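Hi,

Here is the structure I promised to pass on. Have a look at it first, and then read on for what turned up.

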Amino acid sequence: MLNELLEKLKEITSSATEALAAATTEADVENVKNKTIGRNGSLTALAPMMGKIAKEDKPVAGKAFNEAKTTIQNQLEEARERLADASGASAAEAIDVTLPGRKWRIGTKHPVNQTIDECCAIFRRMGFVVAAGPEIETVHNCFDALNAPADHPSRDPKDTFYFDDGRLLRTQTSTVQIRTMLANKPPIRIVSPGRCYRRDTPDATHGVHFHQIEGLYVDRNVSLADLKNTLEAFAEEFFGKGVTIRMRPHFFPFTEPSAECDFSCVMCGGKGCRVCKNSGWLEILGCGMVNPNVLRNVGINPDEWQGFAFGMGIERLTMLKHRIGDLRLFSDNDLRFLKQF
Ligand code: DAH
């Protein structure tokens, strides 16, 4: 009796295995289920035999019966999964040849980065090389070495972001002047574009982060005339022929004398308009002759070497060039804005 049962169980499982391997639809699988473990299935039909098995054989018979049932159940499940996967894959592979093609959308360079590239290219043609510096800086590089007095307002934590360890987010790219002069001997001719940070309340012309480009030229016999010529050449290259500059005395701790440099208004050509507040001039950058104290701070002898420096805001240049009215557009990441450049 036992042997007969075991034989039958074997037969039922192996024919179920075969039938499931050949199944191509879910209906095939359900059919195998009905024929084996279903209410009228062949395996279910064996149950009454169990009662007739000799007592001592019952454990073996019961175990074999349960194993056969589990095997079939597992194989049914596998077959269902296989067919479900296959139907998913064929749906994904189906190609609708009537659909219009998809256009590749190629990104554009951010307008701020375009300005940085353009400025660097102009200054490169004048013999400057591009230098880089970190955005996290020491108080020394950002203020002390740049000759900023101890009570300079920009040092105030209300204006500058400080870290707990005393370092800060640089407020100006002038820090790269110090790094460059510490690492190189004159002659030095660099420009350094990059991001700066100040604790400002954001509005149409102020952001907590913005970009500057710094310039530094240290050599023998450098004069204010060299600075003026360099800035004039830049103004014409960047904004176009006919743009002129003027310099007004100003104060920066790291330059002496210092000046603010205005460009003739690129909107109205100097006649006076809303953008230049009817003055005909646009305030563009700070500049001056490198303060001898700064040279001394980096171990350069000011009796032998002189230099000029300048720094300007990239966003401002970009806004004037493309007639953009609000600085916040640069960081909104709105593609409708960015795609125009
Ligand atoms: N660092 C100044 C600022 O952020 C700009 C500046 C002025 C840079 C004069 C210079 C300079 O190199 O000579 O306002």
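Phe 252 sits in strand β6, which covers residues 245-252. Is Phe 252 buried or exposed? Buried: its relative accessible area is 18%, and the limit for calling a residue buried is under 20%. Across from it in the fold you can look up Asn 291: the two are 39 residues apart in sequence, yet their C-alpha atoms are 9.2 Å apart in space. Bear in mind throughout that this is a predicted model.

Pro 302 makes a similar kind of pair. This proline is in the loop between α10 (292-297) and β9 (306-313), and at 17% relative accessible area Pro 302 is buried. Its partner is Arg 220, 82 residues off in sequence, with a C-alpha to C-alpha distance of 9.7 Å.

For a contrast, try Ser 14 in helix α1, residues 2-22. Ser 14 counts as partly exposed, with 40% relative accessibility. How far apart are the C-alpha atoms of Ser 14 and Pro 193? They are separated by 75 Å, with these positions 179 residues apart along the chain.

Now the ligand. There are 15 residues around it, and the closest are Gln 172, Ser 174, Arg 198, Gln 212 and Glu 214. Some of the polar contacts are worth pulling up on screen:

- Gln 172 has a side-chain N or O atom 2.7 Å from a nitrogen atom of the ligand.
- Arg 198 also uses its side chain, placing a polar atom 2.8 Å from a ligand oxygen.
- Phe 310 takes part through its backbone, where a polar atom is 3.3 Å from an oxygen atom of the ligand.

There is a pocket to look at as well. The second largest pocket holds about 260 Å³ of space. Its lining has 15 residues, and those nearest the centre are His 209, Glu 315, Leu 327, Phe 330 and Ser 331. Which elements give two or more residues to that lining? They are α6 (111-125), β5 (209-219) and α12 (329-332). By residue type, the lining of the second largest pocket splits into 5 nonpolar, 7 polar and 3 charged.

On to the cysteines. A disulfide is a covalent bond between the sulfur atoms of two cysteines. With a cut-off of 2.5 Å between the sulfurs, how many disulfides does the model have? The count is 0. Take Cys 120, which is in no disulfide: the nearest cysteine sulfur belongs to Cys 119 and is 6.8 Å away. Cys 120 is buried, at 5% relative accessible area. Cys 287 is in no disulfide either, and there the nearest cysteine sulfur is that of Cys 261, 5.4 Å away. Cys 287 is buried too, with a relative accessibility of 1%.

The backbone has a few spots to check. As background, most residues other than glycine have a negative phi, and most peptide bonds are trans. Where are the cis bonds to look at? One runs from Pro 186 to Pro 187, with omega near 0 degrees. Pro 187 belongs to the loop between α8 (175-183) and β4 (188-197). Another cis peptide bond joins Glu 256 and Pro 257, again with omega about 0 degrees. Pro 257 is within a strand, β7, residues 255-264.

As for phi, two asparagines have positive values. Asn 221 has phi near 60 degrees, and its place is the loop between β5 and α9 (224-239). Asn 221 counts as exposed, with 68% relative accessibility. Asn 278 has phi near 65 degrees and is in the loop that runs between β7 and β8 (281-290). Is Asn 278 buried or exposed? Exposed, with a relative accessible area of 61%.

If you only have a few minutes, I'd start with the ligand contacts of Gln 172 and Arg 198, then go to the cis bond between Glu 256 and Pro 257.

Cheers

Definitions and conventions. Residues numbered from 1 in each chain as written. Predicted model: local features only at pLDDT ≥ 70, side-chain atom pairs only at ≥ 80, totals over all residues. Heavy atoms only, no water. Disulfide = S-S within 2.5 Å. Buried < 20%, exposed > 50% of the residue type's maximum accessible area, 1.4 Å probe, protein only. 1 Å grid on protein atoms, 1.4 Å probe; cavity = no way out; pocket = protein on both sides within 12 Å on 5 of 7 lines; lining within 4 Å. Points joined across faces, edges and corners; volume = space filled by probe spheres on them. Helix = DSSP H or I, 4+ residues; strand = E, 2+ residues; numbered from the N terminus. Nonpolar A, V, L, I, M, F, W, Y, C, P; charged D, E, K, R; others polar. Near = heavy atom within 4 Å. Polar contact = N/O pair within 3.5 Å; in protein donor to acceptor, adjacent residues only side chain to side chain.
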